[in-house]
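Please look over the sequence and the model shown here before reading on. The paragraphs below are meant as a guide for a first visit.

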Amino acid sequence: MLQQFQRLCHGRVHEGAASVPRMIHHHSWVRCAHQGPPASYRVGDASRFAARSSFTADQDTASLTNGATVSASSPSVYSFGSLNVEEAYDLERNEWGTTSLSVVVVGASGDLAKKKIFPALFALFYEGLLPAEFHVFGFARSKMTDAEFRDVIASTLSCRISARDKCQEKQEDFLRRCFYSPGQYDKADSFRELNSRMSEVEAASGKQRANRMFFLSIPPNVFIAAAGGAADFCSTRTGWTRVIVEKPFGRDSASSAALGRGLAAHLREDQIYRIDHYLGKELIENLTVLRFSNLVFEPLWSRQYIRNVQIVFSENFGTEGRGGYFDQYGIIRDVIQNHLLQILALFAMEPPVSLAAEDIRNEKVKVLRSMRTVQLEDTVLGQYRSRHHGGRTLPGYLDDATVPPGSLTPTFAACAMFINNARWDGVPFLLKAGKALHTRRAEIRVQFRHVPGNLYKHKFGPDLDSATNELVIRIQPKEAIYLKVNNKVPGLGLRLDTTRLDLQYQSAFNQKELPDAYERLLLDVVNGDKRLFIRYDELEAAWDLFTPLLHEIESRKVAPELYPYGSRGPVGAHYLAAKYGVRWGDLANEDPEE
């Protein structure tokens, strides 16, 4: 046994910028006697040394920290038939019989917390996916009592359309578990008071161990201070400590690296969960399932059969008074560099060795590192202007009082990207995102190549593009997957038409309401599942693709093309697609609400 342990101590796995010992099968962090603690630990920082890694099995930590005995047969938080989630994704096993869970929402008085985080936590609680000893702590600069905090949360809670009974009873139970601690994000005393409050509540639960999860729902300029306060003064000594960081992760490579260094000064990479809520969407979660569990798709997933891939994000509303925030970032930073690029990486990656988080994230990083830097000549920028429609005036971006006069910040962008590897060489990936467009939708469109030597070519006329197969994965609204195929129209004679093999999620699975993305991602953090979270080297590679373009746009003061509010976007986007022999599939007469 000792020899096996010593052999494992020599094995290392890359975790962001640092390498640390790791047990191969259980992802358990171990401290080898002859090596000492990993470099990311600092002498004298007992609280951070005791803080749990997302790879550490609960039973191992119990023996290392407080000597508690943990059963190896503890039930899974949720399962897939007879296969529980820990076995499916090679995760640690939480022993909730002896452990409590505290979730701290830093920035608890903000819109994101009220609109997304608290409702998501309640939904998980309602479904019985959180432990019996579960508590919520709000932390913000606003002065509030526990009762006032509970009143704020109560106004945000609702049960699903298909919810079971006792909704009101569950809400009251949830609210009793909510506590509030006011403080400043950069004050050590504020976090000491928070830690004292948490320890008091956790001690009353009677559990031997306490796990803590922090969600930083705050502006980027206080990320490091708040993360440092949470890590330095509020890390648990008996369980794991995890910190969720909400985007934006910087403005470019340099600012992202500075943020990364700031977080690394207080937290290990395995404790940091960089959340991109779009990766929690049901259809994004289904991407790997669709591709790797269906023989019909994987052989076609290459340059040999796919002509182009389009990833489209459009909103039918503008900044609506939030222009001041949006103007600091623009549509490329706000949507394309993170949401759409992450979707692209998941879509285009090679089959991972397993479903373990690091195996999947390793493949995503390979895709990003294989991509060409985005060029200005392959980019179209737009900004929506006012428009008279239906007897009223729809305001332009510059009409938003919070937007600086004369701003050149784009509210629309389209770009062509390329992956320089054997699978995707020469295939254009067209990414497009915009506000104040004609429809609200997010989808992936896979356009296949023309049929070689098509026997029915004469039936389609000169426009073969309209008759090529297309796979559409509609992320929102009304989630669906459909494949466009050619069929003979019933009747005498030979007439062909394009029809759809259509999977509508709501009707096929009899679900009126799907879980919100934050529900999925928060539960993943509880389970230590990092598949849908962004690793530091992944973030670094993503910024490397867009930073030169962003700097060029800003240094040259590139003026965006104006397009009317509610239109299909700038004309330049059509020229960009035509440059690579592509037509935007989302501009066809297809109603996403169908």
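What follows passes from the whole protein to one of its sheets, then to salt bridges and a single tryptophan.

The structure is a predicted model. The protein has 594 residues, of which 56% count as buried. Its secondary structure comprises 20 helices and 22 strands. Among contacts with a separation of 6 or more, 76% are made by residues 24 or more positions apart in the chain. The surface that the protein exposes amounts to about 25,600 Å², and carbon and sulfur atoms supply 53% of that area.

A suitable place to begin is an open sheet of nine strands. Read across the sheet, the strands come in the order β20-β19-β18-β17-β11-β16-β15-β12-β22, and their pairing is mixed. Strands of a sheet pair through backbone hydrogen bonds, and this can happen in a parallel or an antiparallel manner. The edges are formed by β20 (496-504) and β22 (561-564); each has a single partner strand, so one side of each is left without a neighbour in the sheet. On average, and with direction ignored, neighbouring strands here are turned by 20° against each other.

Within this sheet, strand β11 (residues 306-314) pairs with strand β16 (residues 429-434) in the parallel sense, over six bridges. Val312 has Lys432 of β16 standing opposite. A helix also belongs in this picture: α20 (residues 572-579) lies across β12 (379-385), β15 (412-417), β16 and β22. The direction of α20 is at about 5° to that of β15.

The next topic is charge. Side chains of opposite charge can pair when their charged atoms come close. In this model the count of salt bridges comes to 31. One of them joins Asp270 and Arg268, whose closest N and O atoms are 3.1 Å apart. Are these two residues buried or exposed? Asp270 has a relative accessible area of 2% and Arg268 one of 4%; since buried means under 20%, both residues count as buried.

Helix α15 (residues 357-369) holds another such pair, Lys366 and Glu363, which lie three residues apart, about one turn of the helix. Their closest N and O atoms are 3.4 Å apart. Glu363 is buried, with a relative accessible area of 8%.

A further salt bridge also involves α15: Glu538 pairs with Lys364, and the closest N and O atoms are 2.9 Å apart. This pair links distant parts of the chain, with Glu538 in helix α19 (residues 536-555) and Lys364 in helix α15, 174 residues apart. Glu538 is buried at a relative accessible area of 0%, and Lys364 likewise counts as buried at 0%. Elsewhere, salt bridges that share partners join Arg441, Glu443, Arg445, Glu470 and Lys484 into one network.

Helix α19 also contains Trp543. With a relative accessible area of 2%, Trp543 is buried. Which residues is Trp543 in contact with, leaving aside its neighbours within four places in sequence? The contacts are Phe249, Gly250, Arg251, Asp252, Ser253, Ser256, Arg333, Gln337 and Leu550. Ser256 shows how sequence and space can diverge: Trp543 and Ser256 are 287 residues apart in sequence, yet their C-alpha atoms are 7.9 Å apart in space.

Conventions
Residues numbered from 1 in each chain as written. Predicted model: local features only at pLDDT ≥ 70, side-chain atom pairs only at ≥ 80, totals over all residues. Heavy atoms only, no water. Pairing = 2+ DSSP bridges. Helix = DSSP H or I, 4+ residues; strand = E, 2+ residues; numbered from the N terminus. Axes fitted to C-alpha atoms, helices over the stretch in contact; angles between N-to-C directions. Contact = heavy atoms within 4.5 Å. Buried < 20%, exposed > 50% of the residue type's maximum accessible area, 1.4 Å probe, protein only. Areas by Shrake-Rupley, 256 points an atom, 1.4 Å probe, with all protein chains shown as cover. Salt bridge = Lys/Arg side-chain N within 4 Å of Asp/Glu carboxyl O.
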